Structure formats: structure tokens, C-alpha cells
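Q: Hi! Could you walk me through the holes and the helix packing in this one?
A: Sure, let's put it up and start with the holes.

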Amino acid sequence: MSTEGVGGAPLPADERVGVEEFGYRQELRRALSFWDLLVYGMIFMVPIAPFGIFGYVFGASKGMVALAYLIGMVAMFFTAMSYRAMSRDFPVSGSVYAYAQRGIGQAAGFFAGWLILLDYILIPALLYVVSAAALSPLFPGVPRAAWVVGFLLIGAAINLRGVELTARTNRVFLVLELTVLFAFLLVGLIALYSGAGAGRLTLAPLYQPGVVTPALVGAAVSVAALSFLGFDAISTLSEEVKDRRRNTVGRATLAALFLMGGLFILQTWVAADLSRGLTFKSPDTAFYEAAAVAGGGWLSLLTAGATALAWGVANSLVSQAAISRILYAMARDRQLPAPLARVHPTFKTPYVSILIVVLVSLVVALAFIDDVARLTNLVNFGALTGFLFLHASVIYHFLVRRGSRNYFSHLLLPGIGFVIIAYVLYTMNTETKLLGLGWLAVGIVYYLVLTRVLRRGAALEV
């Protein structure tokens, strides 16, 4: 195992880390830097993510879209701090699954992984559906299913070739997305102060006296939370980081959250004020209609096309990578079928897991191709319930197991995060909660068969 950090400088003994100390063999290729992780998180979160769901957040928040994203960023800060704490102690693939498993126990790990699967296994399908919806008005003659298949195959081909190609592709897409975003902001602000929409930036997208209620905020944040999902996925690449310092993943996680949160607030603020007096034709096209107010048809087409490429190719690329690593980690611990842990001998990628994700994504995307809202809620339910396990893992691992007296970092912060996430889950609609609990029930049955019938457990060195 290498003992060098960035630039070849030797690392202190307590900063060197490898998967071998957790009883695993290094199989994945270590090729990613801090900046690769940051770009990965930004691409996963999508700098222009609000373009695709602006109409839904606008409706849920009564126009206070910027407020929904601001509260979402604050809420996710506590979760990011929990990821930072656990990724430092357990720098292995698996994210929430690995942290709950090693921080609390095998059963907690399994159910944390099972619930976060609902997020990661569905999010590629959601991305394809949103992208197809963005392109449908531009190319009415092309079936949405054709876009889904095309985006899916592009992402799979890149991911199978190796994490270095994925990282290079991420950098290209990040530049393209930021270019489109800054074009919208520039044209939008010029239009606003030239008399379009509200005529200027106002406080209405951030706060409206008499309208804000806890239930309204919870409902809006539960939708806006979709845009923040991605900073957490950085932890799935822990075993592919060149710089083996324990805080590399944590630093990238926090940096991605704050950078993207600021961009989300700014773009939705401008879009909401441009929308003053506008009646949207559809929640799916709301942002593009606001863009048309600012710059006309060309800006509407540009933002719609950028959304399709960002969600359908760039974001689906990183989401495929994330879920395949979780499947790999769970299969390596004998919690899922063993073939999912197979690594390609040349490309060093978990190729069986990637192919399974492709298949599941295709089926789910075609099933929900006209039902973005329901699929969005299910993705959020999976992520948020996984985050509950994460916060509980921090408290149990540090306070109970290790006897930490750092109550601020290991009790207060994860405690606040737990309460916020629990409240947002509580405000979700009944159908979403029932479907989510149905997924949990399937997991319970599977776990009982796994442990009681097959007598299979994870071989761990905690």
C-alpha cells in the first residue's frame, strides 16, 4: 500500500488508510483526486438540476423556490457532517450501508443499504424520464422511450470502461453545464432589470409573510431535496481515491454541498422572479418558459437541451457508478448475490453490478415514463431513510462504541440532522410512505431468508 499523499509527500502513519485494514483486498483502481471527487459530486447534484423540477418545487413552495433550496442546503449540511465523520473512520465503498454496518451492526447496515438502494437504484431511471420529458417538446416525433434507451447505453458504455474515463467525461459536462447556467443568469438578470417578470430581484422567492408554514416548507424541501442528492454519493468512491488521507472524501462532500447549494438558490431566485405573472403550461416545462421570458425561444431551447444532456448523460453516468459500488460492497459482504462483486480484470470496474443497474433502470424508466412526481418521491424516500441510519450510526459509533466526549460533532449535529430528515419524511404524502414501507417489508423478508435460512452473514473486522 502506498504511503504517499499528493505530490509524493509522505503521509503521517495515522493518516494512511487502505481497505486492507478492514479485511478487504484492494480491487478497484485508485485513480481519483480530491478535485475528481468534487466534480463527481457536482455532476451528480447537477449544477442545473432545478431546471428540470423547478415547476414542481414552485408549486409546492407557493413560489418560494429559493427558500426551499436554502432550507434544503441547511438541512443537508448536518447530513454532510455525518458523512464526513463516518467516511474518515470507514474509508470503504458502500456509503450508508458500510457506515451503519460498521458503526452499529450487521442488521442496521443491511437495512440502511436496502433503503438507500431505493434511492440509487431508481435515480438513474428518474434521470432518463426527466431528460426525455425535456426533449419531448423539441422533438415530438421521437418516442420518449428512445431517448431513455439512448441515454442509458451511453452511460453504461462509459462506466464499464473505467473510472478514469468517467472522471474525464464528468469534467467536460461540468464545464458545459456551468456555461449554460451562467448564460441563463446573465440574460435573466438583464431581462429582469429591463422590466421582465417582477422587474427586479425581489424577496418573494425567499420569503412571503403569512404564507410560510412548517408543512409548506417540509413539502417543498422534500421535492427540492432531489437536487441535493449526490454529495452523499462521493463516499461510494472511497476505495478509488489516490490521496488516502482520511478527510479527502469528507472535504469533497462539504465543498460540493455548499458550491451547489449557492448555485441552486441563485438560479431559482432569478427564475422565480422572471415567472411573476406567468401561468405555466406544465411543471415539466416551467423553467424553460421562464427562460423564454428572459431570452426568447433560443434560451428556452438551450436550457431544455442542457437539462436533457445533464440529467440523461452526465448525471446518469455518475449515478450508475454510485449504485454499482453499493451493490459491489453489499455483495462482497455476502448480503447480495456474489456475482455482483465481480470486478472486470482490465477496467477494474464492478461490471456485473453496472449491467444489473442498466437493466433495472430500463424497466423502471419505461414503467414511470409519464409519472415523474411519483418516481421523484420514491427516490427521496430511499435517500432520506438512508440518512436516518447515517445519523444514528454517528451517534452510536462515536458515543457508545468509542466513548467520544465530542458531543457537538457526535451528538448535536447528527441529532439535529436526524430530526430534520424525520420531519421531511413525515410530511411526505401517504402513498409515497406506503410504497417505501412496502420496499422495507420486502427487505425484511429477504434479510430473514438470508440470515435464518441461508445462514449468511458478513465477515467483518469492525
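A: First, the terms: on a 1 Å grid over the protein atoms alone, a cavity is a set of points where a 1.4 Å probe fits but cannot get out, while a pocket is an open set with protein on both sides within 12 Å along at least five of seven lines; lining residues have an atom within 4 Å of a point. Points are joined across faces, edges and corners, and a volume is the space filled by probe spheres set on them. This is a predicted model, where local features need pLDDT of at least 70, side-chain atom pairs count only at pLDDT 80 or more, and totals for chains, interfaces and linings use all residues. Residues are numbered from 1 along each chain as its sequence is written, and side-chain values use heavy atoms, without hydrogens and water.

Q: OK, how many cavities of 30 Å³ or more turn up in the whole structure?
A: Five. The second largest has a volume of about 70 Å³, and its lining includes Asp-36, Tyr-40, Asn-170 and Arg-325.

Q: Which helix gives the largest share of that second largest cavity's lining?
A: That's α7, with four residues. Helices here are DSSP runs (H or I, at least four residues), numbered from the N terminus.

Q: And which pocket residues are closest to the centre of the largest pocket?
A: The largest pocket has a volume of about 290 Å³. Of its 15 lining residues, Trp-114, Leu-117, Leu-118, Ile-121 and Trp-439 are closest to the centre. Helix α5 gives the most to this lining, with five residues.

Q: Switching topic: at what angle do α2 and α3 pack?
A: About 110°, with the axes 10 Å apart. Axes are lines fitted to C-alpha atoms, for helices over the stretch in contact, and angles run from 0 to 180 degrees between N-to-C directions. So α2 is roughly perpendicular to α3, a label for angles of 65 to 115 degrees.

Q: Which residues of α2 and α3 make the contact?
A: From α2, Pro-50, Ile-53, Phe-54, Val-57 and Phe-58; from α3, Val-65, Ala-68 and Tyr-69. Contact means heavy atoms within 4.5 Å.

Q: Last one: how many residues of α4 are buried?
A: Eight of its eight, where α4 spans residues 96-103. Buried means under 20% relative accessible area (1.4 Å probe, protein chains only). What covers them includes α3, α5, α11 and α13.

How values were computed
Helix = DSSP H or I, 4+ residues; strand = E, 2+ residues; numbered from the N terminus. Parallel < 35°, antiparallel > 145°, perpendicular 65-115°, else oblique. Buried < 20%, exposed > 50% of the residue type's maximum accessible area, 1.4 Å probe, protein only.
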